[in-house]
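Could you walk me through this structure, one selection at a time? I have it open in a viewer and have not looked at it before.

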Amino acid sequence: MGISSRIYQTQPSPAELRGVFGANLRQLGEKAPSISALCRDLGINRTQFNRYLAGESFPRPDVLHRICEFFGVDARILLEPVDDITATQTGVFNHPFISEFVGAQMTGLTEEHFPSGFYRFSRAAFSDTDRFVVGLVHVSRNQGYTFLRGFEPKEAMSMHNMPTDPRTREFRGLVMPQAEGVAVMVSRRDAVTSTFNYLARTSALAKIFWLGYTVRTMPEDPVGRRAARLVYEHLGTNTSQILKAARSAGYASEADLEPFHRKQLRIGLPFY
């Protein structure tokens, strides 16, 4: 028997490959709130998705690409157990020392749990205790991860004698699922400080608001703040609201705040 014949005989059959893919897809989807929600997030018909799980069908290349992007894996999910694939992924969050403690929280945040798009936010200013910061951030997804991007107010940068160009003002963050909301770790480019945000969805007003707090990694300061309440309002792709929020971004007085934001910030009450 020739070498090529022996190699051919060791190759898994199409049925075995479909079985591997189905098992991988089932494991990857375990963190989803439901199969229906996962199908909506992936844009896949429920009946077809069940055929994948049962090992009865392979996805088209474009659908496979969408699945891989969502879960942060590659096309090896057609051939290898997902545990073997994720074990070879690089990055500190996949390091075996913390992967089961921190890395497991990095992916799996669904659109239903925290939608992509633009958000208007409000919080008390850290450095100026008499004013507030209002701004706009954008939430997006890539390779199964959820990211956040925005820009610090120019005035806040100039107060600390820092450049006010967009590159310096830009901040980015990683959004992680939590039991009752989301956590966001945010920092500017090459910065040595970060902020940690926690947000939980409120049932008020069509469920477009998230309430929580933000904490910055700074030493205790008797003058400024290290923690403040935080309000996020999902604007989605509403162009008029996005432009309005962009124009009003920066420092604001209490009177300038959106009424619902002002109410939820509970101005004058201690933060616990």
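The tour below begins with the whole chain and then goes from stop to stop.

**The whole chain**

Start with everything shown as a cartoon, and keep in mind that this is a predicted model. The protein chain has ten helices and nine strands. Of its 272 residues, 36% are buried. If you display the surface, you are looking at about 15,600 Å² of accessible area, with 55% of it belonging to carbon and sulfur atoms. Contacts reach well along the sequence too: among those between residues at least 6 apart, 53% join residues at least 24 apart.

**Colour by confidence**

Now colour by pLDDT. The mean for the chain is 84, and 90% of the residues reach 70 or more. Then select residues 1-9, where pLDDT stays under 50 and the model has two contacts beyond four places in sequence. Where pLDDT is low, the predicted coordinates should not be read in detail.

**Helix α2**

Select residues 14-28, which form helix α2. How far apart are its end C-alpha atoms? They are 21 Å apart, in agreement with the 21 Å expected for 15 residues at 1.5 Å a residue. Next, show the side chains of Leu17, Phe21, Gly22, Asn24, Leu25 and Leu28, the buried residues of α2. Looking down the axis of α2, you will find these buried residues within an arc of 165°, so they line one face of the helix.

**Helix α4 and its partners**

Move to residues 46-53, helix α4, and pick out its buried residues: Phe49, Tyr52 and Leu53. Seen down the axis of α4, they fall within an arc of 100°, so here too the buried residues line one face of the helix. What do they pack against? Add α2, α3 (35-42) and α5 (61-71) to your selection, and you have the partners of the buried α4 residues.

**The largest nonpolar core**

In soluble globular proteins, nonpolar side chains tend to be buried together. To see a case of this, select Phe114, Tyr119, Val137, Leu148, Val175 and Tyr232, which touch the most other members of the 20-residue largest nonpolar core. The elements giving two or more residues to this core are β1 (117-124), β2 (132-142), β4 (170-178), β5 (181-188) and β8 (227-236). Apart from it lies another core, of 19 residues, including Tyr52, Val63, Leu64 and Ile67.

**Two members up close**

Centre on Leu148, in strand β3 (residues 145-151). Buried or exposed? Leu148 has 2% relative accessibility, so it counts as buried. Beyond its neighbours within four places in sequence, Leu148 is in contact with Val137, His138, Val139, Phe171, Arg172, Gly173, Val175, Val184, Val186 and Tyr232. For a distance to draw, take the C-alpha atoms of Leu148 and Arg172: they are 5.5 Å apart, although 24 residues separate the two along the chain.

Then shift to Val175. Leaving out residues up to four places away in sequence, Val175 touches Met106, Leu109, Phe114, Thr146, Phe147, Leu148, Val182, Ala183 and Val184.

**Val133 and His261**

Select Val133 in strand β2. Val133 is buried, at 4% relative accessible area. Among its contacts beyond four places in sequence are Phe121, Ser122, Pro153, Gly250 and Tyr251. The C-alpha atoms of Val133 and Pro153 lie 8.0 Å apart, with these positions 20 residues apart along the chain.

Next comes His261, in helix α10. This histidine is buried, with a relative accessible area of 1%. Setting aside residues up to four places away, His261 touches Arg120, Phe121, Ser122, Phe209, Val231 and Glu233. From His261 to Phe209, 52 residues along the chain, the C-alpha separation is 9.1 Å.

**Two positive phi angles**

Finish with two backbone details. Asp190 is in the loop between β5 and β6 (195-201), and has a positive phi of about 60° although it is not a glycine. Asp190 is exposed, with a relative accessible area of 74%.

The last selection is Arg266, in the segment after α10 (259-265). Arg266 is not a glycine either, yet has a positive phi of about 50°. How accessible is Arg266? At 45% relative accessibility, Arg266 counts as partly exposed.

Methods. Residues numbered from 1 in each chain as written. Predicted model: local features only at pLDDT ≥ 70, side-chain atom pairs only at ≥ 80, totals over all residues. Heavy atoms only, no water. Helix = DSSP H or I, 4+ residues; strand = E, 2+ residues; numbered from the N terminus. Buried < 20%, exposed > 50% of the residue type's maximum accessible area, 1.4 Å probe, protein only. Contact = heavy atoms within 4.5 Å. Areas by Shrake-Rupley, 256 points an atom, 1.4 Å probe, with all protein chains shown as cover. Core = buried A, V, L, I, M, F, W, Y, C linked by side-chain atoms within 4.5 Å. Expected span 1.5 Å × (residues − 1). Arc of directions from axis to C-beta. pLDDT = per-residue confidence, 0-100.
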